[in-house]
Amino acid sequence: MTETMTDLNARTSELDRGHVFHSWSAQGSLSLLPIAGGRGTEVWDHAGKTYLDFSSQLVNVNIGHQHPAVVQAIQEQAATLATIGPATANLTRGVAAQRIAARAPEGFDKVFFTNGGADANENAIRMARLHTGRDKVLSTYRSYHGNTGGAIVATGDWRRMPNEYARGHVHFFGPYLYRSEFWATSPEEECERALHHLRRVIEAEGPDTVAAILLESIPGTAGIMIPPPGYLSGVREIADRFGIVLVLDEVMAGFGRAGEWFAFDAHDVTPDLITFAKGVNSGYVPVGGVIINDAIARTFDERVFPGGLTYSGHPLAAASIVASIDAMESEGIVAHAKEIGADVIGPGLAELADKHPVIGEVRGTGVFWALELVADRTTREPLSAALMGKAKAELVGRGVLPFTADNRIHVVPPCVVTADEVAQAMTAYDEVLTILD
Ligand code: PLP
């Protein structure tokens, strides 16, 4: 008897439940959506039921699913040289590094490749420590930097707790006007007070002990909080004053997500190290890395950088990076993300906020938006986990894959999303928010 498409969905679910141990989950009750294919903003299951991917998976599929040029580049590279170790010179790898460095500010020529975003931060921290001879890394409570030994401790939220064996990590509060830690009532006040707080933390810790400030240019998983004007350049000034390396984590915000090649491009600031992953090749092959400014790179001319991975600069990843950046450039995908954010997504979400009291705040840029949902607009009490679960299920039921975190829906489609697709998703958000009001 031949297997029907519906049977294939069932077998996929059964195999998944039986044999795949999933991340960040209690395994017992897991029942995950089977996904078999995709194209652009759409994905579908084995029976052909389609979904609009307004999560971009883990906010990484910036170029959309199955971009033909990227798929072809991976296929061609696989046919030529499917793997080669990092201690070789490889043309595709060199071109990939050149393409990435060309998008970074002047004075960034070298790229250290990793397998993903967490180990990019891990290696940036290592570089900063070796460069400064200092130990401590400062990062914000509301942040996510990855799930390896050091990166998870640098992460600010609860996820660091079971891993808090590593020393040398200190946290501080970044700006978040909607729930200001500083009793601020304007972006200017929030900025000034958040910078004062950071300076005081550094002074209290001892500036000579601080190697790096590690900061997401726009904190992503923690809530897509666009920094107020002047904040990132203020952090830059503080880092300079105390000789601290400024690492901007662009893993989620970079490569088009914020409507720029790098989210910090809109904030008049140049870091010392930039970490990236996700959007650099939309996750078609696992990869990440650190873009290193020339001053820090030169300090390793005569001494060994004690870091490296078997698959650093993997040729399939490199080929996908080159094709992806080239396609983003030739198809104007970064500019499209900026425009559709400003002209369609932002105004659409603002309209929803006018209509639905459950929306406490809308914030974002490009294809990087958050709806912060509240039980009460006056007290700003976050919407309950039970209602957030309901929102998620109702959206999936309407054919929209959402990204939810805490009391927020993150509206994060691929950068190639069309106005029609946004309109379809807005209808689903509208219906679901009506249920929650
Ligand atoms: N940094 C940021 C800002 C992220 O959003 C993430 C993942 O979501 C990471 C680092 C970790 O990246 P990866 O999961 O590829 O290790």
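Two strands count as paired here if DSSP finds at least two bridges between them. Keep that in mind, everyone, as we walk through this predicted model.

Let's start with β3 and β14. Strand β3, residues 50-53, pairs with β14 in the parallel sense, over two bridges, so this pair meets the cut-off of at least two. To find the spot on your screens, go to Leu52: its bridge partner in β14 is Val400.

Now zoom out a little. These strands belong to an open sheet of four, ordered β1-β2-β3-β14, and the pairing in it is mixed. Which strands sit at the edges? They are β1, at 37-39, and β14, at 400-401, and each pairs on one side only.

On to the other sheet. It is open too, with seven strands in the order β4-β10-β9-β8-β7-β5-β6, again with mixed pairing. Its edges are β4, residues 108-114, and β6, residues 169-172; each has a single partner strand, so one side of each has no neighbour in the sheet. From one strand to the next, the twist averages 25 degrees.

Inside this sheet, have a look at β5, residues 136-140, and β7, residues 210-216. They run parallel and are joined by three bridges. Leu138 is a handy landmark, as it stands opposite Ile213 in β7.

Finally, the helices. Helix α4, residues 91-103, packs on the sheet and touches β4 and β10, the latter at 288-293. The direction of α4 makes about 125 degrees with that of β4. Helix α7, residues 187-205, lies across β5, β6 and β7, and runs at about 150 degrees to β6.

Thanks for listening!

Methods. Residues are numbered from 1 along each chain as its sequence is written. This is a predicted model: local features need pLDDT of at least 70, side-chain atom pairs count only at pLDDT 80 or more; totals for chains, interfaces and linings use all residues. Axes are lines fitted to C-alpha atoms, for helices over the stretch in contact, and angles run from 0 to 180 degrees between N-to-C directions. Two residues are in contact if their C-beta atoms, placed from the backbone, lie within 7 Å.
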